[in-house]
Amino acid sequence: MTTSKKVLTIALPKGRIMKESVALFEAAGFDVPDLFGNTRKLIFENNDGSLRFMIVRGQDVPTYVEHGAADIGVAGKDVLVEQDRDLYEPLELGIGKCRMVVAEPKEVSVEDDPAKWTHITVATKFEKITKEYFSKRGIQVDMIKLYGSIELAPLLGLSERIVDLVETGETLKKNGLVEVDTIMEISSRLVCNRASLKTKSTEIRDLIKRLSSVVRGTVKEAVK
Ligand code: PRP
């Protein structure tokens with residue numbers, strides 16, 4: 001008796017991480033459809049019908065995967081920690097590397113000593129991570145929630161400090177800000193729906209194994 005292969009639905013975050021994810025899937029020998037040609041299309045099936053890719057907002061990947069609308073997804077550690085969803089996280093992909101930092105204007109940092117902070121105001125997209133980080137250090141934090149261009153906040157007097165992602169450091173530099181503390185290192189992870197792991201076990205395990213060998217060949221540290 002032959003069992004037919006089950007289709008895997010994969011949620012990828014649109015943007016730069018999508019390009020890096022596609023490169024990983026291709027390096028692992030998967031047939032990936034052209035996700036970049038048609039900018040309005042959001043679901044793509046590959047030629048042999050084994051994989052279906054959905055293009056979603058990075059913050060929505062965990063939602064699709066947790067609810068089983070996608071079996072698998074690629075999500076940043078920042079999004080995963082912030083949302084704390086019930087997902088299986090089998091593989092660090094070695095892409096989307098950056099860090100979450102506390103930053104402030106250069107002129108403030110000259111006299112500032114983070115060890116003396118007791119009460120600060122911070123603008124950020126990452127409320128949970130920020131709250132936990134400062135509360136562990138006994139620092140009272142007033143948070144101003146923003147959805148993007150966080151670096152503007154100190155320039156316009158909204159808050160003296162920010163918590164945000166830094167990759168090259170260029171955005172901080174261009175806006176006269178400097179890093180004063182690193183909260184965590186970030187990279188993208190493969191996440192799986194827990195039920196799919198049982199119902200599509202063969203396909204998912206094969207995918208993890210194949211991606212894992214590519215990742216192991218390209219980064220020093222792989223699965224944790
Ligand atoms: C991210 C992040 C920083 C910037 C860091 O923003 O929030 O603003 O990239 O990159 P860099 O260190 O290489 O300059 P993103 O482009 O995702 O847009 P956002 O402002 O909407 O968060």
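Helix 5, residues 127–136, lies across strand 6, strand 7 (119–124), strand 8, strand 9 and strand 10. Its direction makes an angle of about 170° with that of strand 8. This is a predicted model, and helix 5 is a friendly place to start looking around.

The strands beneath our attention here belong to one open sheet, in which five strands follow the order 8-7-9-6-10 with mixed pairing. Strand 8 (140–145) and strand 10 (177–186) are the edge strands, each pairing on one side only. If you compare neighbouring strands of this sheet, they are turned by 30° against each other on average, direction ignored.

Now follow strand 6, which covers residues 98–105. It runs antiparallel to strand 9 (residues 161–166), and five bridges join the two. You can pick out single pairs: Val102 has Val163 as its bridge partner in strand 9, and Ala103 has Ile162. Strand 6 is also antiparallel to strand 10, this time through eight bridges. There, Glu104 stands opposite Val178. As a general point, strands of a sheet pair through backbone hydrogen bonds, either parallel or antiparallel. How much of strand 6 is buried? Seven of its eight residues are, so the strand is largely enclosed by the rest of the structure.

Let us step back to the whole chain. It is divided into domain 1, made of 8–96 and 187–215, and domain 2, made of 98–185. The centres of the two domains, taken over C-alpha atoms, are separated by 30 Å. Where the domains meet, seven residues of domain 1 are in contact with eleven residues of domain 2.

Next comes the nonpolar interior. The largest nonpolar core has 30 residues, and Leu12, Phe25, Leu35, Leu190 and Leu207 have the most contacts inside it. At least two residues each come from strand 1 (8–13), helix 1 (16–27), strand 3 (51–56), strand 4 (72–76), strand 11 (188–192) and helix 9 (201–218). Helix 9 gives the largest share, six residues. For a closer view, try Leu35: beyond its neighbours within four places in sequence, it is in contact with Leu12, Met18, Val22, Phe44, Phe53 and Ile55. Another core, of 16 residues, lies apart from this one and has Phe126, Phe134, Val163 and Ile186 among its members.

Two further residues are worth a visit. Asn193 sits in the loop between strand 11 and helix 8 (194–199). Is Asn193 buried or exposed? Its relative accessibility is 7%, so Asn193 counts as buried. Leaving aside neighbours within four places in sequence, Asn193 is in contact with Val65, Glu66, His67, Gly68, Ala70 and Asp71. Leu197 belongs to helix 8, and it is buried as well, with a relative accessible area of 14%. Although Leu197 and Asp71 are 126 residues apart in sequence, their C-alpha atoms are 8.0 Å apart in space. Setting aside neighbours within four places in sequence, the contacts of Leu197 are Tyr88, Cys192, Ile204 and Arg205.

Finally, how confident is the prediction? The chain averages a pLDDT of 93, and 96% of the residues score at least 70. Over residues 220–224, however, the pLDDT is below 50, and this stretch has seven contacts in the model beyond near neighbours in sequence. Where pLDDT is low, the predicted coordinates should not be read in detail.

Methods:
Residues numbered from 1 in each chain as written. Predicted model: local features only at pLDDT ≥ 70, side-chain atom pairs only at ≥ 80, totals over all residues. Heavy atoms only, no water. Core = buried A, V, L, I, M, F, W, Y, C linked by side-chain atoms within 4.5 Å. Buried < 20%, exposed > 50% of the residue type's maximum accessible area, 1.4 Å probe, protein only. Helix = DSSP H or I, 4+ residues; strand = E, 2+ residues; numbered from the N terminus. Contact = heavy atoms within 4.5 Å. pLDDT = per-residue confidence, 0-100. Pairing = 2+ DSSP bridges. Axes fitted to C-alpha atoms, helices over the stretch in contact; angles between N-to-C directions. Domains from an automatic or database assignment.
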